[in-house]
Amino acid sequence: MVRVSSISIAILGTRGVPARYGGFETFAAELGSRLAGRGHRVTVYCRNLARADELADGASDVWRGVRRLVLPAFRHKYLETVSHTALSAIDALRRQYDVVLLCNAVNAFVLPLLRAARIPVAVNVDGIERRRRKWNALGKAVYAAGESLSAVFADAVVADAHVIAGYYKERFQIDAAMIPYGAELADDGGSDVLDRLALRPRDYILYVSRFEPENNPLEVVLAYETLVSHGAGIAVPPLVMLGDGLYAKDLVAELMRHKSERVLFPGALYGADYQTLQRNALVYVQATEVGGTHPALIEAMGSGGCVLAHDTPENREVGGEAVRYFTLRPAETLSERLQECLRHPDNLDALRVQARERAARLYSWEVVTDGYEALFHGLVRR
């Protein structure tokens, strides 16, 4: 690859690094640290509500070679992301970055400002967010506007799945750059999370996602309880529901009514705890119905467990024939798929190997970094 000299890159639109929330934060951490390791100057804008010991507003430090620049945000379902991104974009105008990577199409309202300043911008649009059930009519309209603004004002639109790239081609007649998400689980790191949760390796079912309606956490719990009630003598291992729900309090309250010795809610765990839980699960359940490439799905594929995924085009693109699929509506088939896995665990060995190979071949963070580095070089040369 022909490279230009070191470039200055800003990543806007996430909660920041290190990752303590979701996919975009992991993306910023993994991509940002690798770009920094290749000699580029990377700044990730972080929210001041990310952790209790956060820096003061406007302060910065360095994490894995990435400069963290902390700015405030309104802690509100509809204002947190956009308020922080607006402040980040205004701050970026005076920093003389060579290129900006904007995460999430909802943040595209800052694109005209950045374009007027002649700062090249790539937008990772994620999935088709306006289809999420948690958004009211206004929220859906904002996301629809973000899609349009991304198509018109971004120097490059990036999709992490061919399904999403196809959507932008059909709806806006633009060719989005297709750069997948990456997933490489590190070593367990000595976590004792299995002991803390009284779990045994390969003897629990794992769900990982934010507790939001379109991620179907309640539907997973109900399917599990159906399996327990009608398992016909099968030994059913515990269900670990890993995640939280900052803005879905009614849903979280309903989920907590199902908490028991068999249905565990350890909260949102990251780092070594998360890696250990992924690596040792017997079955992993991916129940999302909206979005592009889901990082936890790829990580589960590489972990050696059996992966069950909600039957969506995006999930099929990621899992191929290495994953088994279920539906939740109109008919729920998750309990049946779980029963198949538990009744015939020895039949899953070939599927596990296939999933690991597919994740390693298609979703390497180094390959992802190559794609973004080439994209940024091209934008800078324009």
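Two strands count as paired if DSSP finds at least two bridges between them. The structure used in these exercises is a predicted model.

**Exercise 1. A strand and its partner**

Work out how many bridges join strand S2 to strand S4, and decide whether S4 is largely enclosed or not.

*Solution.* Begin with the pairing: strand S2 (residues 41–47) is joined to S4 by five bridges, and the two strands run parallel. Next, look for a pair of residues that face each other across these strands, and you will find Arg 47 opposite Leu 71 in S4. Then turn to burial, where a residue counts as buried when its relative accessible area is under 20%. Five of the six residues of S4 (residues 66–71) are buried, so this strand is largely enclosed by the rest of the structure.

**Exercise 2. Helix H7 and its surroundings**

Compare the span of helix H7 with the expected value, list its buried residues, and find which elements they pack against.

*Solution.* Helix H7 (residues 217–229) has 13 residues, and the distance from its first C-alpha to its last is 19 Å, which is close to the 18 Å expected at 1.5 Å a residue. The buried residues of this helix are Pro 217, Leu 218, Val 220, Val 221, Ala 223, Tyr 224 and Leu 227. When their packing is followed outwards, the elements reached include the strands S9 (205–208), S10 (239–242), S11 (263–267) and S12 (283–286), together with the helices H8 (249–256) and H12 (334–343).

**Exercise 3. How two helices pack**

Describe the packing of H7 and H8 by angle, distance and handedness, and name the residues that meet.

*Solution.* Two packed helices are described by the angle between their axes and the distance between the axes. For H7 and H8 the angle is about 15 degrees, and the axes are 10 Å apart. Angles under 35 degrees count as roughly parallel, and H7 and H8 are therefore roughly parallel to each other. Their crossing is left-handed. At the residue level, Pro 217, Leu 218 and Val 221 in H7 meet Leu 251, Glu 254 and Leu 255 in H8.

**Exercise 4. A glycine and its distant partners**

Locate Gly 182, decide whether it is buried or exposed, and find its contacts beyond its neighbours within four places in sequence.

*Solution.* Gly 182 is placed in the loop that connects strand S8 (177–178) with helix H6 (193–196). Its relative accessibility is 0%, so Gly 182 counts as buried. Once the neighbours within four places in sequence are set aside, Gly 182 is in contact with Tyr 363, Ser 364, Trp 365 and Val 368. Gly 182 and Val 367 are 185 residues apart in sequence, yet their C-alpha atoms are 8.0 Å apart in space.

**Exercise 5. Backbone angles in loops**

Find where Pro 18, Pro 330, Gln 96 and Arg 118 lie, and describe their backbone geometry.

*Solution.* Most residues other than glycine have a negative phi, and most peptide bonds are trans. Val 17 and Pro 18 are joined by a cis peptide bond with omega about 0 degrees, and Pro 18 sits in the loop between strand S1 (8–12) and helix H1 (23–37). The bond from Arg 329 to Pro 330 is cis, with omega near 0 degrees, and Pro 330 belongs to the loop between strand S14 (324–326) and H12. Gln 96 has a positive phi, near 60 degrees, in the loop between helix H2 (80–92) and strand S5 (99–103), and its 72% relative accessibility makes Gln 96 exposed. Arg 118, with phi near 60 degrees, lies in the loop between helix H3 (111–116) and strand S6 (121–124), and Arg 118 is exposed, at 78% relative accessible area.

Conventions. Residues numbered from 1 in each chain as written. Predicted model: local features only at pLDDT ≥ 70, side-chain atom pairs only at ≥ 80, totals over all residues. Heavy atoms only, no water. Buried < 20%, exposed > 50% of the residue type's maximum accessible area, 1.4 Å probe, protein only. Expected span 1.5 Å × (residues − 1). Contact = heavy atoms within 4.5 Å. Axes fitted to C-alpha atoms, helices over the stretch in contact; angles between N-to-C directions. Parallel < 35°, antiparallel > 145°, perpendicular 65-115°, else oblique. Left-handed = near helix turned anticlockwise from the far one by under 90°.
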